[in-house]
Amino acid sequence: MSIIFRKVSHTYSPKTPFEYEALNKIDLTFGDGKMIAIIGHTGSGKSTLVQHMNALLLPTSGEVQVDDYIVKPLKNKGLKQLRKRVGLVFQFPEYQLFENTVEKDIIFGPKNFGVGEEECKEIAKKVIKQVG
């Protein structure tokens, strides 16, 4: 999978007294099969950048390409398909799901994409083994 940012900018609360530009014309490419770490000071735009990868945030300008899917500033279709490719795990537990078990947290995603209960449990078993 490749993820390409082309001149991506993101402004929070545009045209208000609280307007804040978090990203400014970012050009960035994540290639196939690579592990990438994004580090920086608090408030440097790391979370804003990552949330553009599955369109939790839309760019104010520019575009993000994930394989053949392109996220642009206005209305986007097929976000469900995009989010099947790019998942996010938030830094703080309070932003995570609130199930009683790890298995139930893992099952939440596939279940919401229409996968049956038993198949969800099999998926959870595989994933738990993968991550130890």
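In this predicted model, strands β3 and β4 run antiparallel and are joined by three bridges. One of the residues involved is V64, whose bridge partner in β4 is V71.

The two strands belong to an open sheet of four strands. The strand order is β2-β1-β3-β4, with antiparallel pairing. The edges are formed by β2 and β4, each of which pairs on one side only. On average, neighbouring strands of the sheet are turned by 25° against each other, direction ignored. Strands of a sheet pair through backbone hydrogen bonds, in either a parallel or an antiparallel manner.

The largest nonpolar core comprises 14 residues. Those with the most contacts inside the core are I3, F5, M53, V64, V66, V71 and L82. Two or more residues each come from β1 (3-12), β2 (20-30), β3 (61-66) and β4 (69-71). The most is given by β1, with three residues.

V64 thus appears twice, as the bridge partner of V71 and among the core residues with the most contacts. Residues up to four places away in sequence are not counted in its contact list. V64 touches I3, I4, F5 and V8. V64 also touches H52, Y69, I70 and V71. V71, the bridge partner, is therefore also a contact of V64. The structure holds one aromatic pair. F5 and F30 form this pair, which is edge-to-face. The ring centres lie 6.3 Å apart, and the planes meet at 75°. A pair of aromatic rings is described by the distance of the centres and the angle of the planes. F5 lies in strand β1 and F30 in strand β2, so the pair ties together parts that are 25 residues apart in sequence. Both rings belong to buried residues: F5 has a relative accessible area of 1%, and F30 has one of 9%. F5 is also among the residues with the most contacts inside the largest nonpolar core.

Strand β1 also contains T11. T11 counts as buried because its relative accessibility is 14%, and buried means under 20%. With neighbours within four places in sequence left aside, T11 is in contact with E19, Y20, E21 and T60.

Note on methods:
Residues numbered from 1 in each chain as written. Predicted model: local features only at pLDDT ≥ 70, side-chain atom pairs only at ≥ 80, totals over all residues. Heavy atoms only, no water. Core = buried A, V, L, I, M, F, W, Y, C linked by side-chain atoms within 4.5 Å. Buried < 20%, exposed > 50% of the residue type's maximum accessible area, 1.4 Å probe, protein only. Contact = heavy atoms within 4.5 Å. Pairing = 2+ DSSP bridges. Axes fitted to C-alpha atoms, helices over the stretch in contact; angles between N-to-C directions. Phe/Tyr/Trp six-rings, centres within 6.5 Å; stacked < 30°, edge-to-face > 60°.
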